[in-house]
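Okay, thanks everyone, let's get going. I'd like to walk you through one model today, so have a look at the screen.

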Amino acid sequence: PFDAPSIAGLVQKIVKGAVPTIMGSTYAGWIRDLCAEMLSRIPDKRPGTGDILERAQIKVVVENMVEEAEDAIGPGGGPGSAAPSPSASSRSGGGRASQDSLAGAYK
């Protein structure tokens, strides 16, 4: 979307051109909406990192990532790290079920 014959033309396309959108059903609606918000030209309309991390869908993704990392590290947590938290599964609602619920987000 930002292809131009010169740097000046490229700047103009970025500043004044159409904002790209994610079309189709490749990604869940909440992902498309989040991307649109993050690409807003109005800084006050763009969500901050804290706002993004507080979203329910993002929390599920982060919890699953933590659980996967803890599972990969295994008992003991490796050198210099604490043992995996036993509450990680309970926070995310369980391993496989939570992963299955995310499948629709990324289609």
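I'll start with the overall fold and the confidence, then go through one helix, the salt bridges and a surface patch.

So, first thing to say: this is a predicted model. What is the chain built from? We have six helices and zero strands, so to read along from the N terminus, you just get α-α-α-α-α-α. Of the 107 residues, 18% are buried. If you take the contacts with a separation of 6 or more, 41% of them are between residues 24 or more positions apart. And the accessible surface comes to about 7,500 Å², with 62% of that belonging to carbon and sulfur atoms.

Now, confidence. The mean pLDDT of the chain is 78, and 69% of the residues reach 70 or more. Where is confidence highest, and where is it lowest? The top goes to α3, at a mean of 96, and the bottom to helix α5, residues 88-92, at 43. Around there, residues 86-103 stay under 50 in pLDDT, and for that stretch the model has 20 contacts beyond four places in sequence.

Okay, on to helix α4. This one covers residues 56-73, so 18 residues. From the first C-alpha to the last, α4 reaches 26 Å, close to the 26 Å you'd expect at 1.5 Å a residue. Which of its residues are buried? Those are Ile58, Val61, Asn64, Glu67 and Glu70, so you'll see two glutamates and an asparagine in that list along with Ile and Val. Right after α4 comes Gly74, and its phi is positive, near 85 degrees.

Next, charges. Side chains of opposite charge can pair when their charged atoms come close. How many salt bridges turn up here? Searching the whole structure gives two.

One is Arg55 with Glu37, where the closest N and O atoms are 2.6 Å apart. That pair links distant parts of the chain: Arg55 sits in the loop between α3 (49-53) and α4, Glu37 sits in helix α2 (residues 29-38), and they're 18 residues apart. Arg55 counts as partly exposed because its relative accessibility is 25%, and Glu37 is partly exposed too, at 28%.

The other one is between the side chains of Glu54 and Lys59, at 3.3 Å, N to O. Are these two buried or exposed? Glu54 comes out at 54% relative accessibility, so it counts as exposed. Lys59 has a relative accessible area of 36%, so that one is partly exposed.

Last stop, the surface patch. Ile7, Val11, Ile14 and Val15 make a nonpolar patch of about 360 Å². Val11, for instance, is found in helix α1, which runs over residues 7-16. And why do we call Val11 partly exposed? Because its relative accessibility is 41%, and partly exposed runs from 20% to 50%.

That's my tour, so over to you for questions.

Definitions and conventions:
Residues numbered from 1 in each chain as written. Predicted model: local features only at pLDDT ≥ 70, side-chain atom pairs only at ≥ 80, totals over all residues. Heavy atoms only, no water. Helix = DSSP H or I, 4+ residues; strand = E, 2+ residues; numbered from the N terminus. Expected span 1.5 Å × (residues − 1). Buried < 20%, exposed > 50% of the residue type's maximum accessible area, 1.4 Å probe, protein only. Contact = heavy atoms within 4.5 Å. Areas by Shrake-Rupley, 256 points an atom, 1.4 Å probe, with all protein chains shown as cover. Patch = residues over 30% accessible without salt bridge, like charges linked within 9 Å, V, L, I, M, F, W, Y side chains within 5 Å. Salt bridge = Lys/Arg side-chain N within 4 Å of Asp/Glu carboxyl O. pLDDT = per-residue confidence, 0-100.
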